[in-house]
Amino acid sequence: MFSMDLLLNAVVTGVLVGCFYAAVSVGLSVSFGLLDVPHVAHPAFLVLASYGVFFLNDSYDIDPLLAGLMITPLLFVFGLVAYRVYYETFEKRGSDAGVRGIAFLFGIAFIIEVLIILQFGVDQRSVSASYIGKAWRIADMRIPVRLLVAFAVASGLTILLSLYLSKTFMGRAIRAVAQDQEALRLMGANPVKIKQWAFGIATAVLGIAGALLIIVSPVEPTLDRAYIGRTFCVVVMAGLGSITGTLIAAIILGVAESIVLSTLGASWAPAISFAMLLGVLAIRPQGLFGRRS
Amino acid sequence: MKRNSAAFWIAMALFLAAMFLMTQVVSNEYPFFAGYVILQFIVLAVSWSILGGYAGYVNFGTNAFFGVGIYTAVFLTKATGASLAVQIAVAASVGALLGLGVGLLTLRMQGIFFSIATIALSIVIETSVTNWRYVGGAAGIQLQRPPALDMFHSYLQMLFFVQAMLAVLAIATSRYIQRSWIGHGLQALRDDELAAECTGVPTLRLKLLACVVSGALMCAAGAPGAMYLQYADPSSAFNLNYSVTVLAMALIGGTAHWIGPVVGAIVLGVTQQLLAVTISSEVNVLVLGVMLVLFVVAAPEGILGLVRRVSGNRGEGRG
């Protein structure tokens with residue numbers, strides 16, 4: 001039978017994992033939630049960042065988190081370029097951009113997947129660091145230290161990004177562009193530049209998120225498929241563009257997955273995020289804390 | 001118009017006759033093995049385009065319909081030993097119901113929300129099948145082919161001809177929809193759903209209809225797949241690669257006209273068969289992805305658009 005201990009354990013693990021889900025989703029919360037880019041390639045970018053971290057850790061023995069920081073500037077530039085290409089080819093042309101934009105990003109996701117397979121093979125990869133493989137025991141609970149590290153870094157990352165968007169000039173500009181692009185243009189600001197910057201930030205965040213991904217569990221090239229469900233579930237449930245919402249939605253998803261994992265078993269786990277996503281889309285498409293689009 | 005229609009039906013009849021002749025004359029199994037896959041993708045791309053092309057709803061859940069078609073056939077074979085025709089008919093009905101379900105669930109979703117919802121659905125269905133012991137669960141299930149009908153030398157040749165008939169059915173359906181008020185209505189809601197609604201186009205009913213027809217054809221295309229491979233397992237039956245392949249075929253061919261997905265499926269299908277023989281399957285997906293991205297960026301109207309540009313609008317208005 002399902003005991004209280006097990007439930008408590010599942011909830012605690014769920015909260016920790018949930019914060020980690022928030023970290024891998026905040027980028028999407030900006031690119032999709034605020035900028036309305038149908039970024040289906042976000043999880044593929046995430047896995048790509050994980051492989052970058054794996055490469056640095058494997059070849060030069062660099063700590064995964066440090067490696068994540070090291071690739072962050074690269075990812076930022078990558079994001080700037082990616083948005084420029086997306087803008088020039090789709091947003092600027094206007095009509096029918098939706099269908100082709102989605103197909104474009106879907107295609108990019110598959111290309112990244114195959115490139116990773118060609119470079120690193122289909123096997124699972126993981127990183128080594130002193131805090132991986134250890135566990136804390138509190139009463140009857142066994143909490144892996146890697147989850148605690150992910151929890152701490154993820155919460156920090158999410159809070160930092162939230163502060164950036166609400167307190168700094170550029171952050172407020174990004175929120176303004178999400179609210180009313182035309183008004184911004186009338187005030188003499190260039191909305192495209194701001195969106196490009198925001199997309200750069202959204203991609204740069206994946207450096208740390210990718211490091212956390214490979215710290216929490218081994219990665220494989222097709223892992224992005226599972227994270228399409230998780231990231232979009234979190235962002236849509238949160239309500240587009242709400243960073244605080246992202247944290248809460250991610251914790252809800254983490255706890256739900258963790259409880260299903262310890263009751264029904266691992267074989268049902270992949271469907272949880274997608275089922276919740278379907279439910280949210282069908283019942284409350286504006287999410288928990290949504291801005292109405 | 002009338003002459004066009006006659007020409008179309010004669011072409012379809014000739015095509016079927018040629019395919020049938022091929023099963024009688026050619027004894028090497030390989031052409032049927034490869035041809036079956038190309039025909040299957042013609043059906044999938046054409047039916048995808050009914051919803052994705054005419055109505056502009058990008059369905060990422062092709063794999064869900066395809067996989068449900070396969071597993072309907074698996075279930076029927078195991079439970080009742082039903083014949084191929086029954087398997088396809090039941091799969092089509094299940095596909096129609098699934099399409100209706102998708103349509104109802106996503107009534108008010110547009111753009112990316114619809115696409116993500118269809119991916120979500122495919123994963124949920126895949127997970128359910130994975131946990132369904134009766135049809136083999138995650139490990140998959142082996143199937144025995146029954147003897148083929150007398151007029152065919154082998155079961156594979158029969159499957160090949162059946163898939164050719166499904167292709168004709170899908171093409172004829174797509175052509176009919178494009179030329180009727182249904183197609184015009186779908187194109188109107190694709191261009192501007194609100195405006196279409198306001199001018200009296202029954203957008204919801206049209207969308208549901210497109211979901212149902214598209215879903216039924218996709219499931220029907222999947223049904224013979226169980227016997228083709230004589231094996232089924234959830235992760236290959238519901239592989240997301242089917243979705244990206246079909247999407248690429250339709251967009252590369254061009255979605256403005258029914259012939260586009262047919263051209264796209266033939267071009268990409270043949271390329272893939274050639275690549276599969278020579279290089280690895282990963283490179284196959286890579287080529288597919290790169291072609292999809294290139295076409296979407298540089299030739300938004302697909303091969304159809306390129307041909308029209310070259311021949312200077314001469315193809316305009318032909319149906």
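A residue is called buried if 20 or more other C-beta atoms lie within 10 Å of its own, exposed if 12 or fewer do, and partly exposed in between, with the C-beta atoms placed from the backbone. The model on your screen is predicted, and local features are given at pLDDT of at least 70, side-chain atom pairs count only at pLDDT 80 or more, while totals for chains, interfaces and linings use all residues. Residues are numbered from 1 along each chain as its sequence is written, and chains are lettered from A, with ligands numbered from 1, in the order in which they are written.

**Chain A as a whole**

Select chain A, which has 12 helices and two strands; helices (H or I, at least four residues) and strands (E, at least two) are DSSP runs, numbered from the N terminus. Following the chain from that end, you pass elements in the order α-α-α-α-β-β-α-α-α-α-α-α-α-α. The C-alpha atoms of chain A fill a box of roughly 60 × 45 × 35 Å along the principal axes, and 53% of its 293 residues count as buried.

**Two loops in chain A**

Next select A:Asp61, in the loop between H2 and helix H3 (64-91) of chain A. A:Asp61 has 11 other C-beta atoms within 10 Å and is therefore exposed. Its phi is near 60 degrees, a positive value in a residue other than glycine. Most residues other than glycine have a negative phi.

Now go back along the chain to A:Asp36, in the loop between helix H1 (4-34) and helix H2 (42-60) of chain A. A:Asp36 also has a positive phi, of about 60 degrees, although it is not a glycine. Is A:Asp36 buried, exposed or partly exposed? With 18 C-beta neighbours inside 10 Å, A:Asp36 counts as partly exposed.

**A residue in helix H8 of chain A**

Select A:Ile194, which is found in helix H8 (residues 191-204) of chain A and is buried, with 20 other C-beta atoms within 10 Å. Leaving aside residues up to four places away in sequence, A:Ile194 touches A:Ala173, A:Ile174, A:Val177 and A:Ala189, where a contact means that the C-beta atoms of two residues, placed from the backbone, lie within 7 Å.

**Where chain A touches chain B**

Show both chains together: the contact takes 31 residues from chain A and 33 residues from chain B. Which elements give two or more residues to the side of chain A that touches chain B? They are helix H4 (97-120), helix H10 (224-238) and helix H12 (269-283) of chain A, and H4(A) gives the most, with 14 residues.

**Two helices in chain B**

Finally, select helix H12 (residues 240-253) of chain B, in which 13 of its 14 residues are buried. Just after H12(B) comes B:Gly254, whose phi is positive, near 115 degrees. Add helix H15 (residues 302-310) of chain B, which packs with H12(B) at an angle of about 10 degrees, the axes being 3 Å apart; axes are lines fitted to C-alpha atoms, for helices over the stretch in contact, and angles run from 0 to 180 degrees between N-to-C directions. That makes H12(B) roughly parallel to H15(B), since angles under 35 degrees count as roughly parallel, over 145 as roughly antiparallel, 65 to 115 as roughly perpendicular and the rest as oblique. To see the meeting place, pick B:Leu251, B:Ile252 and B:Gly253 in H12(B), which meet B:Gly302, B:Ile303 and B:Leu304 in H15(B).
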